[in-house]
Amino acid sequence: MVLLKCPHKMAVCLFDFKAVNLCREVFCPIVGCGARLTSTEDFENHYNARHTACCSVCSRVYPTSRLLSIHVSEAHDSFFQAKVARGYDMVPS
């Protein structure tokens with residue numbers, strides 16, 4: 001179950017993803033997102049596509065957590081960047 005604000009009743013609705021959605025509009029609860037969706041199924045799809053492998057530093061979204069991990073190392077990890085600058089081979093053999 002997820003708590004979401006219901007814009008129609010100005011209260012908090014409890015949505016069970018397996019239950020019938022009685023609310024006409026679902027807002028994404030992630031700060032800064034603001035997506036408006038028409039059903040809990042649309043919300044699940046949106047959440048999986050936009051928020052499951054998202055970089056917390058630059059907000060880029062990746063299709064898998066493995067690619068996100070590689071991005072974080074390459075773009076935001078100063079230790080990784082220092083090793084590359086010194087000529088270390090960072091590709092596993």
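**Reading one helix and its rings**

Modeller: Let's start with Y47: at 33% relative accessibility, this residue is partly exposed. Keep in mind that this is a predicted model.

Biologist: What makes Y47 count as partly exposed?

Modeller: Buried needs under 20% and exposed needs over 50%. Y47 has 33%, so it counts as partly exposed.

Biologist: And F43, buried or exposed?

Modeller: F43 has a relative accessible area of 5%. The limit for buried is under 20%, so F43 is buried.

Biologist: How many aromatic pairs does a search of the whole structure find?

Modeller: Just one. F43 and Y47 make up that pair, and the pair is tilted.

Biologist: Why is the pair of F43 and Y47 called tilted?

Modeller: First, ring centres must lie within 6.5 Å to pair, and these are 6.1 Å apart. Next, planes under 30 degrees apart would be stacked and over 60 edge-to-face. Here the angle is 40 degrees, so tilted it is.

Biologist: Where do F43 and Y47 lie?

Modeller: Both are in helix α1, residues 40–50, four residues apart, which is about one turn of the helix. An α-helix has 3.6 residues a turn, so residues three or four places apart point the same way.

Biologist: Which residues are buried in α1?

Modeller: T40, F43 and H46 are. They sit on the same side of α1, because their arc around the axis is only 115 degrees.

Biologist: How do you know that K83 lies over the face of Y88?

Modeller: The distance to the ring centre is 5.1 Å, and the cut-off is within 6 Å, along with an angle within 35 degrees of the ring normal. K83 is therefore counted as lying over that face.

Key: Residues are numbered from 1 along each chain as its sequence is written. This is a predicted model: local features need pLDDT of at least 70, side-chain atom pairs count only at pLDDT 80 or more; totals for chains, interfaces and linings use all residues. Side-chain values use heavy atoms; hydrogens and water are left out. Rings of Phe, Tyr and Trp (its six-membered ring) pair if their centres lie within 6.5 Å; planes under 30 degrees apart count as stacked, over 60 as edge-to-face and the rest as tilted. Helices (H or I, at least four residues) and strands (E, at least two) are DSSP runs, numbered from the N terminus. Buried means under 20% relative accessible area, exposed over 50%, partly exposed in between (1.4 Å probe, protein chains only). The arc is that of the directions from the helix axis to the C-beta atoms.
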